[in-house]
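Please look through the following notes with the structure open beside them. They take the ligand site, a helix pair and a few backbone details in turn.

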Amino acid sequence: MLRSVPGTNDFFGKSKEYAFREPVFRHIVESAQRVLSASGAQTIHTPIFEYAEVLQKGVGTTSDIVVKKEMYTFEDRGGRILGLRPEPTASIVRSYNEHGMKVWPQPVRLFTWGPIFRAERHQKGRYKQFHQVDYEALGSSDPLVDAETIALMVQIYRELGLKHLEVKLGTVGDPEDRLRYNAYLRELFRPHAQELSEDSRTRLESNPMRILDSKSAADQQIASGLGVRPMLEFLGEEARAFHQAVVRYLEALEVGFSIDPSIVRGLDYYVRTAWEVHHANIGAKSALGGGGRYDGLSEMLGGSRVPGVGFGIGIERVAIAMEEEGVEAPTSPSLDLYLAPLDEAAKVEALQLAQKLRPQLQVEIGYSVKKVGKALEDATKKGARYAGLLGQGERMNRVTLKNLASGKQTQVAWNDVARWLGEQAEQPFAD
Ligand code: AMP
């Protein structure tokens, strides 16, 4: 038997794993849609593959995605290199530029959801194909937009019923602040290069800020021993004022958060605001989402300067957090009626009546002729409220409806079924 690629998952209603139950997935997406649509943001869907160049520029040359070759790339028939998206922001900014959204009222606020691909070593909470809800506000450099973006993200988690959230706010400053900070970090860490993990040794030259969010215990020990000064102390005046404004707005919006200087983000194009949302008790893979400002990205993609800020929410991680907090998985709507044919002629009649009643009512049919006892057993197994029996006794467009809880039954004309079931729902114990 052929199997799926490890690190990819199937989502369906009865999946053994809560995180891969399709109704849970749908509930997360619908909750996010509700919150984001109510804010006036518009849905966008971009292709899941793009020219690799778009995606590479988007994630930056020193990010893990490029350095560790986490992007799936392939050559198409024309010899062009394409890639499966390792995050959606670059595609959305590419689309903004390509479709001239700059002339729309700014900021243009867009959201999407769908699969993301990264060739990572998989474990619980980390997959090769995972899914994100992603939101981007493009065309404004007002810190109020950063605050609204963070607040919307937090509102989505709250809408889902999650409580144990930690919102960690940081800043990566402006490019010139980062140059100063990186120079400081290089000087500080260089004498300890040999003690650093291999990843951090590589980052020492390319992107030393990333050493600060290294997961290696040895790296963390070295960093705390050196008493690393936070990025906040290296901010220029503008970036400092911007950060303070975001803090002020978030306080006004009563979004609980803490300042965390170790938030440095894996992607190169971030400037100023950066944040992560973690769950207090789901272990190592606790990040439920992250976001930041990326004013330089559009230019890297050949467009004009378009400031932007946005977030990505990991859908599987959110599902894991919901399970941890015991948030009830929404159940699919229950079956109203199970129509059972009791003879050959009734098979197509069952389908005719089902067609009449759908989609107002959820109606399934039995596909083969059964005796009454077996038909009722099937209806009960399916979790239907009513069984509808069709056979010799019911010709002339009539059906026997049996309440499977009370056992009471009555014959109804096809044209009256919807109304009759509706009335029964209002007074479930009526005859
Ligand atoms: P990032 O784009 O790396 O900032 O990721 C945003 C969010 O996506 C993270 O906070 C996680 O919730 C989720 N995420 C990132 N990588 C993975 C992965 N490999 N598997 C599952 N979820 C992931």
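**Notes on the ligand site and backbone**

1. Strand S10 is the largest contributor to the shell around the ligand, giving three residues. The model is a predicted one, and the points below should be read with that in mind.

2. S10 covers residues 287-293, and two other strands also give two or more residues to the shell: S6 (129-138) and S11 (308-314).

3. The ligand has 14 residues around it, and those that come nearest are Arg 118, Glu 120, Tyr 127, Ala 287 and Gly 289. By class, the shell holds five charged, five polar and four nonpolar residues.

4. Which atoms of the protein lie 2.8 Å or 3.1 Å from an oxygen atom of the ligand? Arg 118 places a polar side-chain atom 2.8 Å from a ligand oxygen. For Ala 287 the atom is a polar one of the backbone, and the distance to an oxygen atom of the ligand is 2.8 Å. Gly 289 likewise uses its backbone, with an N or O atom 3.1 Å from a ligand oxygen. These three pairs count as polar contacts, because the cut-off for N or O atoms is 3.5 Å.

5. On its own the ligand would expose 490 Å², of which the protein buries 87%.

6. Away from the ligand description, consider helices H1 (residues 22-38) and H5 (residues 143-159). Their axes come within 9 Å and cross at roughly 135°. Angles over 145 degrees count as roughly antiparallel and 65 to 115 as roughly perpendicular, so H1 and H5 are classed as oblique to each other. The crossing of H1 and H5 is right-handed.

7. Two cis peptide bonds deserve a look. One runs from Gln 106 to Pro 107, with omega near -5°. Pro 107 sits in the loop that links helix H4 (89-98) and strand S5 (108-117).

8. The other cis bond joins Arg 358 to Pro 359, and its omega is near 0°. Pro 359 also belongs to a loop, in this case between helix H12 (344-357) and strand S13 (363-365).

9. Where is Arg 272 placed? Arg 272 belongs to strand S9, residues 271-279. Its phi is positive, about 55°, although Arg 272 is not a glycine.

Note on methods:
Residues are numbered from 1 along each chain as its sequence is written. This is a predicted model: local features need pLDDT of at least 70, side-chain atom pairs count only at pLDDT 80 or more; totals for chains, interfaces and linings use all residues. Side-chain values use heavy atoms; hydrogens and water are left out. A residue is near a molecule or strand if one of its heavy atoms lies within 4 Å of it. A polar contact is a pair of N or O atoms within 3.5 Å; within protein, one must be able to donate a hydrogen and the other to accept it, and residues adjacent in sequence count only if both atoms are side-chain atoms. Accessible areas come from the Shrake-Rupley method with a 1.4 Å probe; for residues, only the protein chains shown count as cover. Helices (H or I, at least four residues) and strands (E, at least two) are DSSP runs, numbered from the N terminus. Ala, Val, Leu, Ile, Met, Phe, Trp, Tyr, Cys and Pro count as nonpolar, Asp, Glu, Lys and Arg as charged, and the others, Gly among them, as polar. Axes are lines fitted to C-alpha atoms, for helices over the stretch in contact, and angles run from 0 to 180 degrees between N-to-C directions. Angles under 35 degrees count as roughly parallel, over 145 as roughly antiparallel, 65 to 115 as roughly perpendicular and the rest as oblique. A crossing is left-handed if the near helix is turned anticlockwise from the far one by less than a right angle, and right-handed if clockwise.
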